Amino acid sequence: MKKTLPIKVNASIQTECWTYNKLCILETSPYSDAWISSNFGIYMDPEYLVCLGRINTTFYLNEFSNILEISEMDYWKNTPNTIVGTIEAEIQKGNYLVIYLMLSVEEHTIHEFVFYGFDSEKHELYTLMLNQGTFKKKTVSYDWFITHYKNLYDYHLYNPDNIAWFGSNFFPITKIKVRDDFNDSICFVEAMRRFNEELLGKRILISNPITSTEEQYLTGIECINGISLRVKEYIRDQQFIKGNTLKKLSFEMQRNVCKLYEHHCVVNKSMKWIMKQVETTDEHYIQLHWNLCERMKKLAMLSMKFDITGNWDILNKMDKGLENLYDAVKDSLCGFIDSVTVLKKNYNKASYNDLLKKHPSILAETEHFNDEQVAL
């Protein structure tokens with residue numbers, strides 16, 4: 001018997017495996033664009049690391065509960081002798097299984113494996129694996145999986161405390177199914193809230209009671225300025241950045257710029273989704289923003305090259321490429337807001353009324369604006 005479930009291999013996020021392993025399932029839902037548009041976010045922490053999420057909170061399991069059914073399966077009952085049977089049975093029910101293995105495969109450390117299909121006649125499982133920095137479909141034999149599963153299972157039998165930290169991103173065995181009762185009625189308002197949070201990027205100081213210091217977080221497009229400042233610091237201090245320090249900081253830069261690029265691809269996707277909701281066809285600012293995404297992609301390629309070569313001329317090119325990027329992105333997002341979601345009552349009353357009928361909850365978002373202008 002052979003059974004496979006839908007899977008989105010080229011999911012929107014590839015730089016965070018714990019986010020990818022949910023999105024590759026979530027993006028098979030017809031509501032995926034609505035969910036992504038109303039949930040996206042980015043921040044830079046005090047250690048200069050860019051993360052997807054909001055203020056010191058990455059996308060944990062509870063963030064997905066309205067569109068994915070997520071539950072824990074009993075790890076100890078699923079022994080090496082029974083785990084393949086469990087995978088087959090759950091996939092036949094329409095459930096994906098994400099199983100913790102913690103393996104180094106093709107120079108990548110992979111924590112969890114998403115299983116979306118099987119072929120019982122060939123004794124094969126269908127999963128996803130990193131290959132040259134991107135996720136690809138992979139077929140593994142029952143024996144290959146059981147061997148690696150047994151190694152970790154036996155280790156946990158004698159070291160049970162090592163699995164106690166599970167639960168924020170995944171369980172040792174996580175069962176996931178796309179919900180068919182997702183309610184997208186408030187996604188438009190939430191998408192606009194997220195979009196404005198992106199546009200109004202902030203520098204936020206949070207007190208750390210342990211160190212009695214204030215730690216700075218950057219949100220939204222302010223992360224562009226954070227990366228730009230970090231590049232300038234590298235260039236300033238390059239005479240001291242050598243050996244393992246250079247390797248560590250060059251990987252940090254690659255990670256940050258690649259996440260910035262992926263995030264703005266998500267922002268661009270959200271712009272398209274918002275445009276559909278207001279039934280507008282003007283794509284000028286969406287195309288303008290996409291051109292800036294392509295500029296970020298070039299910066300990401302340069303960051304990867306710098307990570308490989310350690311050539312400081314590359315970082316100088318990145319510094320130049322980051323010039324005016326913040327202002328250009330801000331202008332494109334402001335232009336989009338003005339053209340799509342800012343409506344003059346005395347100029348476009350009919351359109352405003354039509355939109356209000358479609359999304360009556362926008363009234364809660366407009367109370368703090370004056371009578372001449374309504375911002376959704």
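**Salt bridges, a buried lysine and a pocket**

Reader: What makes E222 and R203 a salt bridge?

Author: Their closest N and O atoms are 2.9 Å apart. A salt bridge needs a side-chain nitrogen of Lys or Arg within 4 Å of a carboxyl oxygen of Asp or Glu, so the pair qualifies. It links distant parts of the chain, 19 residues apart: E222 in helix α6 (222-236) and R203 in strand β10 (203-208). Helices (H or I, at least four residues) and strands (E, at least two) are DSSP runs, numbered from the N terminus.

One caveat: this is a predicted model, where local features need pLDDT of at least 70 and side-chain atom pairs count only at pLDDT 80 or more, while totals for chains, interfaces and linings use all residues. Residues are numbered from 1 along each chain as its sequence is written, and side-chain values use heavy atoms, leaving out hydrogens and water.

Reader: How do you know whether E222 is buried or exposed?

Author: E222 has a relative accessible area of 8%. Buried means under 20%, exposed over 50%, and partly exposed in between (1.4 Å probe, protein chains only), so E222 goes down as buried. Its partner R203, at 47%, is partly exposed.

Reader: Which salt bridges form one network?

Author: E190, R193, R194 and E197 are joined by salt bridges that share partners. Take R194 and E190, whose closest N and O atoms are 3.6 Å apart. Both are in helix α5 (187-199), about one turn from each other, and both are buried.

Reader: What makes K175 and E90 a pair that ties parts of the chain together?

Author: First, the distance: the N to O gap is 3.9 Å, and the two side chains meet in a salt bridge. K175 is in strand β9 (173-178) and E90 in helix α3 (83-92), so the pair ties together parts that are 85 residues apart in sequence. K175, at 23% relative accessibility, is partly exposed, whereas E90, at 7%, is buried. A search of the whole structure turns up 17 salt bridges.

Reader: Why does K22 have no salt bridge?

Author: The nearest side chain of opposite charge, E112, is 7.5 Å away, and the cut-off is 4 Å, so nothing qualifies. (Lys and Arg count as positive and Asp and Glu as negative; His and the chain ends are not counted.) K22 is nonetheless buried. A polar atom of its side chain lies 2.7 Å from the backbone oxygen of W18.

Reader: How do you know that α1 is largely enclosed by the rest of the structure?

Author: By counting: 9 of the 10 residues of α1 are buried, so the helix is largely enclosed. K22 is in this helix, and the buried residues include C17, Y20 and L26.

Reader: What counts as the lining of the largest pocket, and which element gives the largest share?

Author: On a 1 Å grid over the protein atoms alone, a pocket is an open set of points where a 1.4 Å probe fits, with protein on both sides within 12 Å along at least five of seven lines; lining residues have an atom within 4 Å of a point. The largest one holds about 1100 Å³ of space. Of its 34 lining residues, the closest to the centre are Q14, T15, G133, Q254 and C258. The largest share, 10 residues, comes from α7.

Definitions and conventions: Points joined across faces, edges and corners; volume = space filled by probe spheres on them. Polar contact = N/O pair within 3.5 Å; in protein donor to acceptor, adjacent residues only side chain to side chain.
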